[in-house]
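Hi,

Here is the structure I said I would pass on. Have a look at it first, and my notes follow underneath.

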Amino acid sequence: MSAAADGGCPADGTGAEEPVLELAGATRIHGDGPTRVIALDTVDLQVRAGELVAVMGPSGSGKSTLLNLAGGLDTPTAGSVRVMGRELTGMDATSRARLRRRLVGYVFQDFNLVPSLTAAENTALPLELDGVPARRAAEQSRAALDSVGVGDLADRFPEEMSGGQRQRTAIARALVGPRRLLLADEPTGALDTAAGEEMMQVLRGRIDAGSAGVLVTHDARYAAWADRTVFLRDGRLTGSTGPRMGVEALFTAPGAPPPPRSEPEP
Ligand code: ADP
Ligand code: MG
């Protein structure tokens with residue numbers, strides 16, 4: 001196991017073994033009657049400090065729902081979601097938003113940058129909302145942009161950036177400050193292979209420094225950076241690779257989806 005598991009500093013006296021993220025029987029149902037959709041079905045998942053878990057599954061299998069519950073953007077219909085020992089279910093929206101800003105870094109599938117703010121302002125936003133003084137927030141924002149290779153674009157607005165640059169900015173915003181739980185929904189989707197690998201290196205570095213992470217990806221090359229991969233289908237966890245089993249386990253582990261047919265690249 002990585003040195004990170006030891007190096008991850010427990011924030012309180014509960015010991016390093018407490019998961020940073022714990023879903024227990026987490027269920028999310030939308031609608032009622034004929035329109036009822038079970039987006040997530042009694043999912044159990046624990047992610048510890050120093051651990052990166054990849055989530056794979058077909059479109060509509062519940063991957064984004066799982067991340068939204070983990071990040072407190074949505075609440076389960078049944079079951080429990082805990083972040084650093086704190087139960088998110090039943091927590092009021094203000095407390096949930098505060099916990100999210102302080103502890104959770106979220107890379108959205110569609111980036112969610114604020115169009116009227118520059119890259120530097122977008123990245124500093126979660127810190128400023130949390131009361132970090134403007135100058136310190138600006139310094140941390142700059143460092144985060146530098147760490148993902150877009151420090152020189154700090155004054156650009158999202159519409160003045162390429163898709164890949166926007167994606168890097170969104171990653172910087174998720175990494176800024178002392179985030180303990182990093183959640184990323186296809187964070188490499190807009191990046192070419194070299195840039196994607198570079199982003200994974202940055203993410204992996206933060207995990208090894210003691211954060212916990214969940215990475216949704218369609219790409220086995222990126223899942224290979226994770227400590228283990230779990231598979232979702234129709235809202236259910238169907239299986240998991242063991243720790244660091246390597247990329248071939250993505251196809252051979254119990255519950256893994258069938259190997260991809262050779263199809264032309266989209
Ligand atoms: P994935 O990210 O794996 O593509 P999602 O978590 O977005 O899947 O969605 C899981 C299922 O829940 C899908 O069938 C989707 O249509 C449904 N779903 C997600 N959000 C809503 C919603 N707000 N209202 C109704 N159905 C939803
Ligand atoms: Mg999704």
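Of the 266 residues in the chain, 48% count as buried. Keep in mind that this is a predicted model. The chain has 9 helices and 10 strands. If you take the contacts with a separation of 6 or more, 68% of them are between residues 24 or more positions apart. On the outside, the accessible surface is about 12600 Å², and carbon and sulfur atoms account for 52% of that.

Next, the inside. The largest nonpolar core has 42 residues, and the members that touch the most others are Leu-52 and Val-148. Several elements give two or more residues to this core: strands S3 (52-56) and S7 (181-185), plus helices H4 (119-129), H5 (134-147), H6 (163-175), H7 (193-208) and H8 (220-223). The top contributor is H7, with 6 residues.

Val-148 is a good residue to click on. Setting aside neighbours within four places in sequence, Val-148 is in contact with Arg-168, Ile-171, Ala-172 and Leu-175, and also with Glu-198, Met-199 and Val-202. There is a second core as well, separate from that one, with 31 residues; Val-43, Leu-181, Val-230 and Leu-232 are among them.

Now for the ligand, which I guess is what you will zoom in on. Which residues surround ligand 1? Going along the chain, they are His-30, Val-37, Ala-39, and then Pro-58, Ser-59, Gly-60, Ser-61, Gly-62, Lys-63, Ser-64 and Thr-65. By class, that shell comes out as 3 nonpolar, 7 polar and 1 charged residues. Strand S2 (37-47) and helix H2 (63-70) each put in at least two residues, and H2 has the largest share of the shell, with 3.

Three polar contacts are worth displaying, each to an oxygen atom of ligand 1:

- Gly-60 has a polar backbone atom 2.7 Å from a ligand 1 oxygen.
- Lys-63 uses its side chain, with a polar atom 2.8 Å from an oxygen of ligand 1.
- Ser-64 places a backbone N or O atom 2.9 Å from an oxygen of ligand 1.

As for how much of the ligand is covered, ligand 1 has 560 Å² of accessible area on its own, and the protein covers 57% of that.

That's what I have so far. Shout if you want to go through any of it together.

Cheers

How values were computed. Residues numbered from 1 in each chain as written. Chains lettered and ligands numbered in written order. Predicted model: local features only at pLDDT ≥ 70, side-chain atom pairs only at ≥ 80, totals over all residues. Heavy atoms only, no water. Near = heavy atom within 4 Å. Polar contact = N/O pair within 3.5 Å; in protein donor to acceptor, adjacent residues only side chain to side chain. Areas by Shrake-Rupley, 256 points an atom, 1.4 Å probe, with all protein chains shown as cover. Helix = DSSP H or I, 4+ residues; strand = E, 2+ residues; numbered from the N terminus. Nonpolar A, V, L, I, M, F, W, Y, C, P; charged D, E, K, R; others polar. Core = buried A, V, L, I, M, F, W, Y, C linked by side-chain atoms within 4.5 Å. Buried < 20%, exposed > 50% of the residue type's maximum accessible area, 1.4 Å probe, protein only. Contact = heavy atoms within 4.5 Å.
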